[in-house]
Structure formats: structure tokens, C-alpha cells
Amino acid sequence: MWQAKQIIQNGRLMPWDEARLHPLSVAVAYACCVFEGMRAYRHPETSKLSVFRMEEHLDRLEQGIKIMRLHPAPTRAQLREDVLRVLHANEPDDDAYLRLMVYIEAMGSMASTGPVGWTAAAVPRERSEKFRTGFAVGVSSWARIADNASPPRVKATANYHAGRLATLQAKADGYDNAIILTAVGKVSELPGACLFLLRGGKLVTPGVTSDILESVTRDTLIVLATELGFAVEQRQVDRTELYCAEEVFLCGTGQELVPIISVDRLPVGEGKPGPVALRLQQRYESVVRGTTPDHAEWRTPV
Ligand SMILES: Cc1ncc(COP(=O)(O)O)c(C=O)c1O
């Protein structure tokens with residue numbers, strides 16, 4: 001497994017261990033930091049690396065920068081350049097996971113909007129060993145954050161407390177992962193992933209007003225599933241629909257697509273990864289790696 005050697009801070013490439021952020025910065029004190037997680041995938045034959053849906057990730061980052069009123073922020077051209085440069089600099093011989101973080105780097109107050117600093121990093125990230133066999137999940141007693149308190153469509157570090165608490169609770173209760181409900185008890189998402197169900201042969205996913213992060217992978221799967229002929233509904237989802245679904249699976253850049261084989265210890269369908277999740281997993285894999293010419297617009301060559 002390769003190791004990260006270099007990192008970029010404020011446009012400057014430096015050895016990994018030299019990256020710095022002051023503990024009294026607004027980024028640390030008030031969690032004023034928006035970020036992105038992207039993946040660069042290697043083609044199995046040519047070994048060429050490409051970043052998957054970089055522009056859509058940068059769109060979401062810029063949306064977060066706007067909502068958080070960070071100013072002046074790095075330009076789109078700078079962020080794009082840093083992502084590609086940090087990948088080149090680390091020479092990964094396998095897939096890479098990218099982190100792009102934009103934050104207030106100095107001490108300040110609740111009213112601070114700058115000075116804005118940013119970091120681009122590339123690290124190795126292995127697939128979960130349960131990628132093929134699936135996760136057992138429990139519905140958490142922690143609730144999802146709401147748009148009028150800590151807007152979930154901003155990928156902000158401040159938004160991860162409930163997800164972390166739900167993950168710790170799930171592990172203590174013997175589950176692989178947690179499903180988090182909104183404050184009014186509807187299904188939202190998992191700590192770092194969105195969710196799909198198969199009900200009556202149709203795919204269903206909580207809508208963008210169900211306090212989800214507007215996931216790039218969710219959008220990718222809506223497009224790919226529709227192309228494969230599935231109807232996809234975006235709507236409110238009840239907790240008990242999880243128990244009645246033929247299939248449930250999670251999706252996200254980090255975890256990719258993982259089948260969910262039980263919820264609250266009730267088996268989903270036959271209690272094993274379902275055919276639709278496995279088919280979409282395969283299709284996703286071919287699109288992200290470019291073993292199909294389809295959706296070349298989603299792959300930025302490194
Ligand atoms: C809270 C949360 N929800 C959903 C997702 C999935 O989003 P994406 O598919 O854009 O990675 C992530 C991962 O980044 C996340 O952190």
C-alpha cells in the first residue's frame with residue numbers, strides 16, 4: 001500500500017508532516033471548515049488514474065463556501081490545480097482518496113469570514129471487507145441535524161458529531177453501521193453515506209429535503225439505475241419501509257456501494273446482498289474506473 005508523502009496548504013506543496021493549523025483558529029474553535037472527499041481510480045489495464053466527478057465535488061464545495069460566507073476563498077482553478085498536483089506529487093500506485101478542506105485558519109470570532117486557508121491531500125483508502133458481504137445496521141437513537149440548525153447540504157466538519165455518536169453507538173450495539181432518522185423520524189442517511197431501498201421493484205431514496213448531504217454518488221446511482229431501466233423515486237421514507245424493502249444499500253464516495261443485509265436485526269429480503277445492489281455495484285465500478293467508455297465526462301484524467 002502506498003503512503004502519502006506530500007500535502008498542499010494554501011497552494012504550497014510540502015512534506016506531509018509540515019502541514020499546520022493553529023489550535024485557536026476559527027476552524028478548530030467553531031468547526032468552521034467545509035471539505036470534500038473524492039476518489040481517484042486506476043484503470044485495471046492502462047493503470048491511468050482519473051478523478052471521479054471532480055467538478056460536481058467542487059460545485060458542492062463552492063456551495064458550502066458560499067453558505068458559510070468564507071471570503072476570499074481559493075478560486076476554482078486553484079482548487080482544481082491542487083487536486084491534480086497533490087495526486088502527481090504522491091505518485092500513488094493504486095486508487096487514492098482525496099481530501100480538500102477550506103477553513104478559517106486564524107483566531108477570530110463568530111462573525112469571522114476569513115482569513116481562509118485550504119489543504120489538499122491524497123491518501124490511500126481501502127475498501128471495507130464487507131463491500132461484497134454487506135452490513136448489518138441499526139437505526140440510531142441519535143437524530144440527523146436539520147437545515148435550520150447545521151445545514152446538512154453543506155459538507156462541513158461541524159456536521160459530523162451526530163454521525164460519530166451514532167457510529168460509536170452502533171459499534172457498541174454490535175452493528176456495522178447506523179441509519180439516522182430526521183428530527184421528525186423519517187429516514188435520512190448513514191453517518192457518511194446515503195441510502196437506497198428497493199420496494200416493489202422500484203428504487204427509492206430519501207429526497208434532498210430529508211436532511212441528507214446532497215451526495216454525488218447518490219446522483220451517480222440515480223443516473224446509472226435509470227439508464228438500466230429502473231424507476232427511481234426521491235421521497236420521504238418511513239423507518240418501517242426499511243423492514244419491508246426487498247433490498248437496502250448505502251452509497252458514498254468513501255464507502256462506494258455496500259449492500260445492507262439486516263436492519264435492527266431483521267433480515268433485508270433474504271438477508272444477503274441483493275441482485276440489484278450487486279448489479280449497480282458492478283456498473284458503478286466500470287464507470288468510475290473507465291472500463292466502459294460511458295460517462296467519460298465524469299472522469300478527469302490525472
Ligand atoms: C454525511 C454524508 N452523507 C453522504 C455522503 C455521501 O456523499 P458523496 O456521495 O458525495 O460522497 C457523505 C460522504 O461524503 C457524507 O459524509
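**View 1. Polar contacts between the ligand and the side chains of Thr-217, Tyr-160 and Arg-60 in a predicted model****.** A polar atom in the side chain of Thr-217 is placed 2.5 Å from an oxygen atom of the ligand; a polar contact is a pair of N or O atoms within 3.5 Å. For Tyr-160, an N or O atom of the side chain is 2.5 Å from a ligand oxygen atom. In Arg-60, a polar side-chain atom lies 2.8 Å from an oxygen atom of the ligand. Of the 390 Å² of accessible area that the ligand has on its own, the protein covers 96% (Shrake-Rupley method, 1.4 Å probe). The model is predicted, with local features requiring pLDDT of at least 70 and side-chain atom pairs pLDDT 80 or more, whereas totals for chains, interfaces and linings use all residues. Residues are numbered from 1 along each chain as its sequence is written, and side-chain values use heavy atoms, without hydrogens and water.

**View 2. The shell of residues around the ligand****.** The ligand is surrounded by 15 residues, of which Lys-155, Tyr-160, Ser-215, Thr-217 and Thr-253 come nearest; a residue is near if one of its heavy atoms lies within 4 Å. The shell comprises six nonpolar, six polar and three charged residues, where Ala, Val, Leu, Ile, Met, Phe, Trp, Tyr, Cys and Pro count as nonpolar, Asp, Glu, Lys and Arg as charged, and the others, Gly among them, as polar. Helices H2 (54-67) and H5 (216-227) each contribute at least two residues to this shell; helices (H or I, at least four residues) and strands (E, at least two) are DSSP runs numbered from the N terminus.

**View 3. Cis peptide bonds preceding Pro-72 and Pro-115****.** Most peptide bonds are trans. The bond joining His-71 and Pro-72 is cis, with omega about -10°, and Pro-72 belongs to the loop between H2 and helix H3 (76-90). A second cis bond runs from Gly-114 to Pro-115, with omega near 0°. Pro-115 is located in the loop between strand E5 (96-104) and strand E6 (116-123).

**View 4. The backbone at Ser-47****.** Most residues other than glycine have a negative phi. Ser-47, although not a glycine, has a positive phi of about 65°. Ser-47 occupies the loop between strand E3 (33-42) and strand E4 (49-52).

Key. A polar contact is a pair of N or O atoms within 3.5 Å; within protein, one must be able to donate a hydrogen and the other to accept it, and residues adjacent in sequence count only if both atoms are side-chain atoms.
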